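Here's a quick briefing to read alongside the model. Have a look at the protein and its DNA first, then come back for the details.

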Amino acid sequence: MATILVSALRGETPSNILIYGKTGTGKTASAKFVSKELESTSRKYEVPCEVEYINCEVTDTQYRVLAQLANTFIEKNRAHAEERIAELESVRDGGDAVDTGFDSTAAVGDRIEALEDELAEMEPVPMTGWPTDRVYSTFFDAVDHHERVVVIMLDEIDKLVEKSGDDTLYNLSRMNSDLVNSRISIMGISNDLKFTDFLDPRVKSSLGEEEIVFPPYDANQLRDILQHRAEVAFKPAALTDDVIPLCAAFAAQEHGDARRALDLLRTAGELAERGQADTVGEEHVRKAQDKIELDRVVEVVRTLPTQSKIVLFAIILLENNGVHSINTGEVFNIYKRLCDEIDADVLTQRRVTDLISELDMLGIVNAVVVSKGRYGRTKEISLSVPIGETKAVLLSDSRLGSVEDAEPFVQARFDS
DNA sequence: CCTCCACCGGAACGTGAGGAGT
DNA sequence: ACTCCTCACGTTCCGGTGGAGG
């Protein structure tokens, strides 16, 4: 990354960079580090060079990206102009301490006035209301205000493309040909290796001038990272020897996510503390693993759409009644009953099979298509999350809460 | 070897919500 | 305020199918 970006220090335009890697592989951290270094070095050598960070998960439309960029540059230009005015004023008032390149004090006065006019014209872009092209040209003028190299860092760029297409990227990558004073370069950070498939070929080729892939960490690397952090976070000897390797191993299974590894270690620590243990041991890590997984499931289930919740509830009821092999037909029957009970729309079986597949994808249930010969072909469904907690989460939903009364009624179905 | 169950899952289409342009 | 577009969610229709049992 640094070797690509150094050209900015020579006043050249760095190639656009695309960075790929799964979550928790250090893409953002590395990119931020490098850009900080770049900015500080550029100050040292007095080469104008700036890095702008934008997280596209938050700022996910073309308008917002442009507006945010425009505003930060307007702000910078303001500061720049104010500084310059102050500098010139001191020259005007205090004699010729600094060589400004102006031959008369009148010229200095004119320059100050010009700068003040400029300052007055710098109007920030409102959050909403302007046509996109006006925001674009405002941004354009703000960037082109004076000579500099600008690196725009777009984190989670795949989210931006997914939500609002590649127009933003197209416009940004095309800007260089019209800019007079400044140069911009784009640094895209993506979780998704295949996101360029959705891009216009022109954007794709200009954006992907340089590509960097961050491979997932392996268990050894994770162990190093954890070791490092643990020295800061824990008192010496607070961790038993197998804690860190175990955390590393668990996280390595989950695609080498460092964030996950750190989460695990932290949660293990918290659990040990809560249990008033003197040291963090292997069992705390295992508990932490379970807890994190449970939290994830609870969150997923809680935010499920109502229809999916009803379907899931139907599956839980069947499971509760010890039904040998749950298949789509039965789920659908119970589901219909539940819908009647809570006065919800009844979807078709076709749709319900899709919902079941979605639950499968989320890892909440496990669905396998099996053929039972003479007795047809169906999905065999089993729950793959703790039944008690899941049920509790479902019942806490305002629409499903009332279903508790319906339960014996559904159970009666099995008796008959 | 054939049949036929009970559902799978693709395709095309309908609908309403929300965003963008005008 | 209006139109146009896209998207998520659903529906309808229907061809497809693995394998137990005849």
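Let's start at the DNA: an N or O atom in the side chain of Arg351 sits 3.1 Å from a phosphate oxygen of DNA strand C, a polar contact, meaning a pair of N or O atoms within 3.5 Å. Keep in mind that this is a predicted model, where local features need pLDDT of at least 70, side-chain atom pairs count only at pLDDT 80 or more, and totals for chains, interfaces and linings use all residues. Residues are numbered from 1 along each chain as its sequence is written, chains are lettered from A and ligands numbered from 1 in the order in which they are written, and side-chain values use heavy atoms, with hydrogens and water left out.

**DNA strand C**
- Residues around DNA strand C (a heavy atom within 4 Å of it) include Gln307, Thr348, Arg350, Tyr375 and Arg377.
- Of the strand C atoms that come within 4 Å of the protein, 63% are sugar and phosphate.
- Bases get touched too: a polar side-chain atom of Ser371 is 2.7 Å from a base nitrogen of DNA strand C, and a backbone N or O atom of Gly373 is 3.2 Å from a base nitrogen of that strand.

**DNA strand B**
- This strand has 14 residues around it, with Thr328, Arg350, Thr353, Gly373 and Gly376 the closest.
- Thr328 puts a polar side-chain atom 2.5 Å from a phosphate oxygen of DNA strand B.
- Backbone N or O atoms join in: one from Arg374 is 2.9 Å from a sugar or linking oxygen of DNA strand B, and one from Gly376 is 2.9 Å from a base oxygen of DNA strand B.

**Nonpolar cores**
- A nonpolar core is a set of buried Ala, Val, Leu, Ile, Met, Phe, Trp, Tyr and Cys residues joined through side-chain atoms within 4.5 Å; the largest one here has 37 residues, and Val311, Leu312, Ile315, Val331 and Ile364 are those with the most contacts inside it.
- Val331 touches (heavy atoms within 4.5 Å) Val311, Ala314, Ile315, Leu318, Ile326, Ile356 and Ile381, leaving aside residues up to four places away in sequence.
- Apart from it lies another core, of 36 residues, with Val65, Ala70, Val161 and Leu199 among them.

**Cysteines**
- Zero disulfides (cysteine sulfur atoms paired within 2.5 Å) turn up in a search of the whole structure.
- Cys339 has a relative accessible area of 0%, so it counts as buried, which means under 20% relative accessible area, with exposed over 50% and partly exposed in between (1.4 Å probe, protein chains only).

Definitions and conventions. A polar contact is a pair of N or O atoms within 3.5 Å; within protein, one must be able to donate a hydrogen and the other to accept it, and residues adjacent in sequence count only if both atoms are side-chain atoms.
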